[in-house]
Amino acid sequence: MVSFVVSPMKLVSLGVMLIGTILSVSSEELVGVWLGLELNLYGFLVIMNPDGHYSPEPCVKYFVVQSTGSILMLVGFVTLMEQHVVSGLVMSTAGTVLKSGVFPLHSWVPSIIKNSSWLASGLMLTWQKVAPLVFLSMILPSKGLWVVIVSMAGIGAVGGLNQNSVRVMSAYSSFVHTSWMLLGVTWSSVVFVGYFAVYSLSVGLFFYGCSSMNKMSMGSQLSSAASGMGLLMLMGMPPFLGFLAKVLVFLMSGSPVIVACIMGSVISLKFYIDFFYSMVMKSLVDKNKVEVKAIWSLVICMNIMGGALILVSFI
């Protein structure tokens with residue numbers, strides 16, 4: 001089992017990262033948005049390699065990418081203040097697209113995720129997307145947003161096929177889920193928050209299980225259940241919460257773009273199922289079958305109860 005040592009530096013960095021995102025999302029001024037993103041970046045850079053045990057390469061790459069995006073956004077904001085609307089919007093959009101890692105400036109995400117720690121990879125695929133995606137949905141025209149959504153669904157589904165790395169597979173999987181989140185945030189912030197919460201929980205459980213196991217086999221039944229539940233939630237299989245999150249977006253969306261999101265999810269099932277059978281199902285063949293059945297029964301019951309609570313909250 002992996003042991004986590006929490007140091008004051010990690011706590012302070014985590015706090016700065018959280019405050020930065022909240023400031024960026026809640027700010028009504030462009031300067032506040034930019035400042036929040038910068039605080040988030042500086043806090044996250046420490047979390048990527050707090051003890052110097054990991055390779056500095058992904059940290060440096062992430063800093064270069066995010067700094068470039070920040071410069072583009074700042075130049076765009078200044079240009080907007082000077083009443084040059086078109087040029088300002090182009091620069092701001094380009095910077096936001098680069099920072100959020102969406103089409104067409106998405107190619108840096110898999111390479112950085114592949115060489116990062118499990119914690120940094122999980123945060124990069126979840127919390128780090130919140131502020132850029134929310135701001136992108138506000139400044140990008142509807143037609144441009146539809147192009148991004150369709151492209152992300154297709155790239156994520158096709159790119160994840162035949163991937164051997166779990167982290168790279170998760171990066172391409174995040175592209176598909178990003179298309180769902182972008183579609184959700186354009187129609188309802190509540191749906192976006194709900195989908196993001198379910199997706200974050202799924203990634204957290206999946207990465208926790210993967211980080212707690214040996215590369216060749218599952219280390220414990222708890223790790224097996226966590227990774228299996230996270231994977232099934234990412235797949236969007238009923239009765240798990242991932243399926244309910246997609247249903248909510250489907251019901252709220254009135255755009256034909258939802259077809260691209262559905263097709264992307266269907267295609268991505270291929271590499272989800274391959275991983276599920278190759279790594280998760282192997283762990284179920286052991287001496288403690290009674291314990292395994294009990295854990296998986298609890299997992300399914302928790303998802304059903306969680307889905308019922310979400311449905312009740314929307315009624």
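**Entry 1: two annotated spans.** I began with residues 247-273, whose end C-alpha atoms lie 21 Å apart; the span is 81% helix and 0% strand. I then looked up residues 181-210, where the end C-alpha atoms are 24 Å apart, with 97% helix and 0% strand. Both ranges come from the UniProt record, an unreviewed entry, which annotates them as "transmembrane region". That annotation also covers residues 62-81, 88-106, 144-161, 222-241 and 294-314.

**Entry 2: confidence.** I am working with a predicted model, so I checked the pLDDT before going further. The protein averages 82, and 82% of the residues score at least 70. Which element has the lowest mean pLDDT, and which the highest? Helix 14 (residues 289-314) is at the bottom with 53, while helix 5 is at the top with 92. I also noted that the pLDDT is below 50 over residues 214-219. This stretch has eleven contacts in the model beyond near neighbours in sequence. A reminder to myself: where pLDDT is low, the predicted coordinates should not be read in detail.

**Entry 3: the largest cavity.** Next I searched for enclosed space and found four cavities of 30 Å³ or more. The largest holds about 70 Å³. Which elements give two or more residues to its lining? They are helix 3 (56-81), helix 4 (85-100), helix 5 (108-114) and helix 7 (127-139). I wrote down the lining residues: Tyr62, Gln66, Lys99, Ser100, Gly101, Trp108, Val109, Met124, Gln128 and Lys129. By type, I get four nonpolar, four polar and two charged.

**Entry 4: the second largest cavity.** I put the volume of the second largest cavity at about 60 Å³. Its lining consists of Thr21, Leu37, Asn40, Leu41, Tyr62, Gln66, Lys99, Gln128, Ala131 and Pro132. Helix 2 (30-48), helix 3 and helix 7 each give two or more residues here. The split for this lining is five nonpolar, four polar and one charged. Going back over my lists, I see Tyr62, Gln66, Lys99 and Gln128 in both linings.

**Entry 5: valine 97.** I finished in helix 4, where valine 97 is found. Is valine 97 buried or exposed? I count valine 97 as buried because its relative accessibility is 5%, and the cut-off for buried is under 20%. What does valine 97 touch, not counting residues up to four places away in sequence? I found Val102, Phe103, Pro104, Leu105 and Leu136. I also checked glycine 69, which is 28 residues from valine 97 along the chain; their C-alpha atoms are separated by 7.9 Å.

Note on methods:
Residues numbered from 1 in each chain as written. Predicted model: local features only at pLDDT ≥ 70, side-chain atom pairs only at ≥ 80, totals over all residues. Heavy atoms only, no water. 1 Å grid on protein atoms, 1.4 Å probe; cavity = no way out; pocket = protein on both sides within 12 Å on 5 of 7 lines; lining within 4 Å. Points joined across faces, edges and corners; volume = space filled by probe spheres on them. Helix = DSSP H or I, 4+ residues; strand = E, 2+ residues; numbered from the N terminus. Nonpolar A, V, L, I, M, F, W, Y, C, P; charged D, E, K, R; others polar. UniProt positions renumbered as here; feature names shortened; annotations may be inferred. pLDDT = per-residue confidence, 0-100. Contact = heavy atoms within 4.5 Å. Buried < 20%, exposed > 50% of the residue type's maximum accessible area, 1.4 Å probe, protein only.
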